[in-house]
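Here are my notes on the model you sent over. I've kept them as numbered points, so take them in any order.

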Amino acid sequence: MKSCPSCGKEVQDSAAPSSERGTESQASSPAPSVLQRRVAPGASIKRFRVLVLVGNGAYLLSSIVPYVESRFMSDETLDLLERSGHGALVTLPPGIYWLMVALYMAMAVGLYQFSASARTGFTIFTLAMPVLTLFTGVGVTSPLCLFLGGITAMADGGILLLAHFTTLRTRFA
């Protein structure tokens, strides 16, 4: 191996200088970025799908946990938790709440399969929820539900990032 006198790139001993070989862009395709070299071709898809499963699993658990953990709480704690929503401008009937949970799960299935409509719905849903939270009154929650909500929020952020700002966006057709 020797260095090309024109561009300094390492080339075979028999290779002609750059001007005779053509420019780098003519000679070969652009070099992959550091991230592309470190990530195996399908790894982004797997990571995206894991985020979808983890985020939506945590969301589903955070919807079910209050019904289970209430059996293990004191009357004082239950009384405090029932104050959640005090002063709310908007209250959701349980049927609407569970419809939203079902819609969120349906969007998760669509995201897992790279559905463009699921990505759009998920984006709208995820961006609208913090705004709607401003009108739901005082929030009182258990530590476990708060933890699961944090997991959901982080996963949702990662899903939005990957679905809109990486090469995965091309898979949503």
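1. Of the 173 residues in the protein, 24% are buried. Throughout, buried means under 20% relative accessible area, exposed means over 50%, and partly exposed is what falls in between, with a 1.4 Å probe and protein chains only. Keep in mind that this is a predicted model, where local features need pLDDT of at least 70, side-chain atom pairs count only at pLDDT 80 or more, and totals for chains, interfaces and linings use all residues. Residues are numbered from 1 along each chain as its sequence is written, and side-chain values use heavy atoms, with hydrogens and water left out.

2. On the overall layout: the protein has eight helices and two strands, and along the sequence they come in the order β-β-α-α-α-α-α-α-α-α. Helices (H or I, at least four residues) and strands (E, at least two) are DSSP runs, numbered from the N terminus. The accessible surface of the protein is about 11,800 Å², and carbon and sulfur atoms hold 65% of that; areas come from the Shrake-Rupley method with a 1.4 Å probe, and for residues only the protein chains shown count as cover.

3. How much of the contact map is long-range? Taking contacts in the protein with a separation of 6 or more, 70% are between residues 24 or more positions apart. A contact here is heavy atoms within 4.5 Å.

4. Helix α8 (143-165) is a good place to look. Its 23 residues should span 33 Å at 1.5 Å a residue, and the end C-alpha atoms are indeed 33 Å apart; the expected span is 1.5 Å times one less than the number of residues. The buried residues of α8 are Cys145, Leu148, Thr152, Ala155, Asp156, Gly158, Ile159, Leu160, Leu162 and Ala163. An α-helix has 3.6 residues a turn, so residues three or four places apart point the same way. The buried set in α8 packs against α4 (43-69), α6 (94-112) and α7 (116-133).

5. From the α4 side, have a look at Ser62, which sits in that helix. Ser62 is buried at 18% relative accessible area. Leaving out residues up to four places away in sequence, Ser62 touches Cys145 and Leu148, both of which are on the buried list for α8.

6. Helix α7 gets the same check. Its 18 residues should span 26 Å at 1.5 Å a residue, and the end C-alpha atoms are 26 Å apart, in agreement. Buried in α7 are Ala118, Arg119, Phe122, Thr123, Phe125 and Thr126, and the buried residues of this helix pack against α4, α6 and α8.

7. Two loop residues deserve a closer look. Phe114, in the loop between α6 and α7, has a positive phi of about 60° although it is not a glycine, and it is buried at 5% relative accessible area. Ser142 is in the loop between α7 and α8 and is buried as well, at 4%. What does the side chain of Ser142 pair with in a polar contact? The partner is the side chain of Glu69, at 2.4 Å. A polar contact is a pair of N or O atoms within 3.5 Å; within protein, one must be able to donate a hydrogen and the other to accept it, and residues adjacent in sequence count only if both atoms are side-chain atoms. Beyond its neighbours within four places in sequence, Ser142 is in contact with Glu69, Met73 and Leu81.

8. The salt bridge count comes to one, the rule being a side-chain nitrogen of Lys or Arg within 4 Å of a carboxyl oxygen of Asp or Glu. Asp79 and Arg83 form it, with their closest N and O atoms 3.4 Å apart. Asp79 is partly exposed, at 41% relative accessibility.

9. On the outside, Leu89, Val90, Leu92, Ile96, Leu99, Val131, Leu134 and Phe135 make a nonpolar surface patch of about 790 Å². Patches take residues with over 30% relative accessible area and no salt bridge, joining like charges within 9 Å and nonpolar side chains (Val, Leu, Ile, Met, Phe, Trp, Tyr) within 5 Å. Leu89 is in the loop between α5 (75-81) and α6 and is exposed at 68%. Val131 belongs to helix α7 and is partly exposed at 46%. Leu89 and Leu132 are 43 residues apart in sequence, with their C-alpha atoms 9.9 Å apart.
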